[in-house]
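The following paragraphs offer a guided reading of a protein chain. Please keep the sequence and the model in view while reading.

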Amino acid sequence: MDKDPNEILDLESFSKKETYSTEDKQLIMDRLNEERLAQQSAKEAIESKKGPYTEEEKKKILDKLNEKRLSTQKREEIQKSRTYKKKIYKFGNKEFYKFKNMEREYYIEIEVCNKFSARPVIVTLFYKTVSEYELKKKDILIKTEIYTDKFLISMDTIRVYFKGYSLEDDK
């Protein structure tokens, strides 16, 4: 594989790959590092400037601010859609949401739902036993991603495999 950074890649076929060779991985990492360094140097240049800004620099700053705002807005909309108009269950003095399409009826506390990010976190889910009034606990890994309104759950905290589940809608 040619190491020329200006080489044009067929991105569609590249993104469909399941596994990557070490050369492909290194190329991806190099490209990501180049982009990061370019953004970092541009940000440092803007922050260190003390004189008046040109129109082009103003436009770049406004574009970056707008991009951050849109990203934050999109994240908040998806986070809201995960829990908007979902059925609430009460057990004792706590309120829960129920996940649908799982092998058993798992419940999650409402308080913890807004604290998730792309980083996996160990959370306790609750489920009913034969006795309707007793709740058992199960620790799972859970995370959220910007591109989906589902919670990504791994039932095993050691062997991580995430599957998307959504909460039960209020009818």
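Helices and strands are here runs assigned by DSSP, with at least four residues for a helix and at least two for a strand, and they are numbered from the N terminus. A residue lines a pocket if it has an atom within 4 Å of one of the pocket's grid points. The model itself is predicted.

Let us begin with the overall plan. The chain contains three helices and seven strands. Read from the N terminus, these elements follow the order α-α-α-β-β-β-β-β-β-β. Of the 171 residues in the chain, 23% are buried, where buried means under 20% relative accessible area.

We turn next to the pockets. Which helices give two or more residues to the lining of the largest pocket? They are helix H2, which spans residues 22–48, and helix H3, which spans residues 55–83. This pocket has a volume of about 340 Å³. Its lining is formed by Gln 39, Gln 40, Lys 43, Ile 46, Glu 47, Ile 61, Lys 64, Leu 65, Glu 67 and Lys 68. By residue type, the lining of the largest pocket comprises five charged, three nonpolar and two polar residues.

The second largest pocket holds about 200 Å³ of space. H2 and H3 are again the elements that give two or more residues to a lining, here that of the second largest pocket. H3 supplies the largest share of this lining, with five residues. In total, 10 residues line the second largest pocket, and those nearest its centre are Ala 42, Ala 45, Ile 46, Glu 57 and Lys 60. Five residues of this lining are nonpolar and five are charged, while no polar residue is found there. Ile 46 appears in the lining of the largest pocket and also in that of the second largest pocket.

The strands form the next part of the picture. All seven belong to an open sheet, arranged in the order S1-S2-S3-S4-S5-S6-S7 with antiparallel pairing. At the edges of the sheet stand strand S1 (88–91) and strand S7 (163–165), each of which pairs on one side only. From one strand to the next, the twist averages 50 degrees.

Individual pairs show how the sheet is joined. Strand S4, residues 121–128, and strand S5, residues 135–143, are paired in the antiparallel sense over eight bridges. Within this pair, Ile 122 has Leu 141 of S5 as its bridge partner. S5 also pairs with S6 in the antiparallel sense, over three bridges. Here the bridge partner of Lys 143 is Leu 152 in S6. Strand S6, which covers residues 151–154, is in turn paired with S7 in the antiparallel sense over three bridges. Leu 152 takes part here as well, standing opposite Gly 164 in S7.

It remains to ask about the interior. Which residues of the largest nonpolar core touch the most other members? They are Phe 99, Ile 108, Ile 142, Phe 151 and Ile 153, out of the 16 residues in this core. The elements that contribute two or more residues to the core are strand S3 (106–109), S4, S5 and S6. S4 gives the most, with three residues.

Two regions may thus be kept in mind. H2 and H3 give two or more residues to the lining of the largest pocket, whereas S3, S4, S5 and S6 give two or more residues to the largest nonpolar core.

Note on methods: Residues are numbered from 1 along each chain as its sequence is written. This is a predicted model: local features need pLDDT of at least 70, side-chain atom pairs count only at pLDDT 80 or more; totals for chains, interfaces and linings use all residues. Side-chain values use heavy atoms; hydrogens and water are left out. Two strands pair if DSSP finds at least two bridges between them. Axes are lines fitted to C-alpha atoms, for helices over the stretch in contact, and angles run from 0 to 180 degrees between N-to-C directions. On a 1 Å grid over the protein atoms alone, a cavity is a set of points where a 1.4 Å probe fits but cannot get out, and a pocket is an open set with protein on both sides within 12 Å along at least five of seven lines; lining residues have an atom within 4 Å of a point. Grid points are joined across faces, edges and corners, and a volume is the space filled by probe spheres set on the points. Ala, Val, Leu, Ile, Met, Phe, Trp, Tyr, Cys and Pro count as nonpolar, Asp, Glu, Lys and Arg as charged, and the others, Gly among them, as polar. A nonpolar core is a set of buried Ala, Val, Leu, Ile, Met, Phe, Trp, Tyr and Cys residues joined through side-chain atoms within 4.5 Å. Buried means under 20% relative accessible area, exposed over 50%, partly exposed in between (1.4 Å probe, protein chains only).
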